[in-house]
Amino acid sequence: MDKKAKDILFKTYWTSAGWTNDENRKTDPVDFDYAKSKGVMFDPFSIGKTELVDNLKELVNKISKDDVSNAFLCSLTNKQFELRSAIGSYANALRVVNGDTDKSWDLQEKYVDEDLNVLNFERLKWGGVRHNQVLYNYLDLLLFSKLQIDKPKKDDIQIFSKILKVVSESQIGEYPNKLRDRLKDVYKSSKDERSNLLEILACCKILQPASYDRPTIGRNDWHFVEYWRGEDKYDSKAVYYYFQRLF
């Protein structure tokens, strides 16, 4: 990825103090044109529901499951969070295009002048925070489809195995917050990174709540993993679905 283009994108939305205020989210036209030419920033985007789902179907058919799982594993050591994001978008996209009955996704009838740049910023900085939104899934997979994906290394696989072991040792009644804290012992990462990692694993149903009729802990930023508890451990079938070549 072009470093200058990425810097332009990041400076539009982020400062040392956090998010840039909405009124200050302005990009110099010359800078914008440069970032756009590198495929990092985009013009306002409009699309209808049917066309969006059709495009998503094409991407799901084009992208291999091995590529998204390989990218996820590689991200555990190279910290390229855009690689980590794709498996979550792939999982949610499969539910959308297959018409799953849970309807856990956010799909609007029409999108008009949407800001794809903030979505790409979140994708690059954190690995995405809107995997339930179909527009994000589309952008994420579209950009992912243009990447060359490496094979995971031994260290990547070992880290993932350690993460699964920590999950398997979860205690009855344990909340996602506790699991996130315990992961720091086997995975060097920030709190935000571990939170996003759990969300992606839950989006893939590797962390699958056995019930949604459970109390939660007040205000929180969880979405997919909110109702997971320690007794749920991890879903071995979902792990095998995405990472069967590791077994």
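Trainee: Why does Y227 count as partly exposed?

Mentor: In this predicted model, the relative accessibility of Y227 is 23%. Buried would require a value under 20%, and exposed a value over 50%. The 23% of Y227 lies in between, so the residue counts as partly exposed.

Trainee: What makes the pair of Y212 and Y227 edge-to-face?

Mentor: A search of the whole structure yields 15 aromatic pairs. In the pair of Y212 and Y227, the ring centres are 5.6 Å apart and the planes stand at 65°. Rings pair if their centres lie within 6.5 Å, and planes over 60 degrees apart count as edge-to-face. Both conditions are met, so the pair is edge-to-face. Y212 and Y227 are 15 residues apart, and each is in the loop between α10 (191–203) and α11 (236–243).

Trainee: Which residues are linked into a cluster by ring pairs?

Mentor: The cluster consists of F10, Y13, W14, W19, F121 and W126.

Trainee: How do you know that the charged end of K65 sits over the ring of Y241?

Mentor: The charged end of K65 is 3.6 Å from the centre of the Y241 ring. The distance limit is 6 Å, and the charge must also be within 35 degrees of the ring normal. The pair of K65 and Y241 is listed as a charge over a ring, so both limits are satisfied. In the same way, the charged end of R229 sits over the ring of Y175, at 3.8 Å from its centre.

Trainee: Why is the protein called as compact as a globular protein of its length?

Mentor: The protein has 11 helices and 4 strands. Its radius of gyration is 18 Å, and the globule rule gives 18 Å for 247 residues; the two values are close, so the description follows. The C-alpha atoms fill a box of roughly 55 × 40 × 40 Å along the principal axes.

Trainee: What share of the residues counts as buried, and which residues have the most contacts inside the largest nonpolar core?

Mentor: Of the 247 residues, 49% count as buried. The largest nonpolar core has 74 residues, and those with the most contacts inside it are F72, L76, F160, L207 and F243. Helix α5 (residues 81–98) supplies the largest share of this core, 9 residues. Beyond its neighbours up to four places away in sequence, F243 touches S69, F72, L73, I87, F160 and I206. In soluble globular proteins, nonpolar side chains tend to be buried together.

Trainee: Why is S189 called buried or exposed?

Mentor: S189 has a relative accessible area of 19%. The limit for buried is under 20%, so S189 is buried. S189 is in the loop between α9 (176–183) and α10. Apart from neighbours within four places in sequence, S189 contacts K79 and R194. The C-alpha atoms of S189 and L76 are separated by 9.4 Å, although the two residues are 113 residues apart along the chain.

Trainee: How do N117 and L142 count, buried or partly exposed?

Mentor: N117 has 7% relative accessibility, which is under 20%, so N117 counts as buried. N117 is in helix α6 (residues 116–126). Among the residues that N117 touches, not counting those up to four places away in sequence, are L9, Y13 and F32. L142, in helix α7 (residues 134–144), has 25% relative accessibility; this value is between 20% and 50%, so L142 counts as partly exposed.

Technical notes
Residues are numbered from 1 along each chain as its sequence is written. This is a predicted model: local features need pLDDT of at least 70, side-chain atom pairs count only at pLDDT 80 or more; totals for chains, interfaces and linings use all residues. Side-chain values use heavy atoms; hydrogens and water are left out. Rings of Phe, Tyr and Trp (its six-membered ring) pair if their centres lie within 6.5 Å; planes under 30 degrees apart count as stacked, over 60 as edge-to-face and the rest as tilted. Helices (H or I, at least four residues) and strands (E, at least two) are DSSP runs, numbered from the N terminus. Buried means under 20% relative accessible area, exposed over 50%, partly exposed in between (1.4 Å probe, protein chains only). The radius of gyration is taken over C-alpha atoms; the globule rule is 2.2 Å times the number of residues to the power 0.38. A nonpolar core is a set of buried Ala, Val, Leu, Ile, Met, Phe, Trp, Tyr and Cys residues joined through side-chain atoms within 4.5 Å. Contact means heavy atoms within 4.5 Å.
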